[in-house]
Amino acid sequence: MKGEDMRKSWNGLSEEILSGMAEWREQHPKATFREIEAEVDQRLGVLRARMLADAALRSAQAEWEGEVVCPQCGAKLEGKGKKKRTLETRGGQRVELEREYGICPRCGAGIFPPG
Ligand SMILES: [Zn+2]
């Protein structure tokens, strides 16, 4: 995903989150500070997770645009398609990263490029 697409996708999601929060506030006029804080954190956590996933994938794409070599023996890796990896953000949101996976034709090491 390129910068412009990322920005559009994040803009769309932020608008949903902001208007969702404003709506929630209208529906919960007596919410306490703690309740409001929890709601804001939960909603921003969704945006945070999306930003992390999109931005992290960009590094993976950049890695495979160049030449990736085996960290063990230095041979050029062969791309073997994509593998999914699930990470958890500090806010407790799950982020699924689909990353290119490579195998070294010389020594057989299988790696995700660093990043
Ligand atoms: Zn190797």
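## A charge over a ring

A charge is said to sit over a ring if NZ of Lys or CZ of Arg lies within 6 Å of the ring centre and within 35 degrees of the ring normal. This predicted model offers an example: the charged end of Lys83 sits over the ring of Tyr101, 4.2 Å from the ring's centre.

What about rings that pair with each other? The count of aromatic pairs here is zero.

## Two strands and a turn

Let's turn to the backbone. Strand 1 covers residues 78-88 and strand 2 covers residues 94-103; the two pair in the antiparallel sense, over nine bridges. If you look for Glu88, you will find Arg94 of strand 2 standing opposite.

Together, strand 1 and strand 2 make a hairpin, with five residues between them. In the turn, look for Gly92, which has a positive phi of about 85 degrees.

## The zinc site

Which residues coordinate the zinc ion? Cys70, Cys73, Cys104 and Cys107 do, each through its SG atom, at 2.3 to 2.4 Å. Along the chain, these donors follow the spacing C-x2-C-x30-C-x2-C.

The angles among the four donor atoms run from 102 to 122 degrees, and the site is tetrahedral. It counts as tetrahedral because all angles among four donors lie between 85 and 135 degrees. For comparison, the ideal angle for four tetrahedral donors is 109.5 degrees.

## Buried or not?

Two of the zinc donors can be described by their accessibility. Cys104 has a relative accessible area of 2%, so it is buried, the cut-off being under 20%. Cys107 has 40% relative accessibility and therefore counts as partly exposed.

Key. Residues are numbered from 1 along each chain as its sequence is written. This is a predicted model: local features need pLDDT of at least 70, side-chain atom pairs count only at pLDDT 80 or more; totals for chains, interfaces and linings use all residues. Side-chain values use heavy atoms; hydrogens and water are left out. Donors are N, O and S atoms within 2.8 Å of the metal (3.2 Å for Na, K and Ca); water is not among the atoms, so sites may look incomplete. Four donors count as tetrahedral if all angles lie between 85 and 135 degrees; four count as square planar and six as octahedral if opposite donors are over 155 degrees apart and all others between 65 and 115; anything else is irregular. Buried means under 20% relative accessible area, exposed over 50%, partly exposed in between (1.4 Å probe, protein chains only). Rings of Phe, Tyr and Trp (its six-membered ring) pair if their centres lie within 6.5 Å; planes under 30 degrees apart count as stacked, over 60 as edge-to-face and the rest as tilted. Two strands pair if DSSP finds at least two bridges between them. Helices (H or I, at least four residues) and strands (E, at least two) are DSSP runs, numbered from the N terminus.
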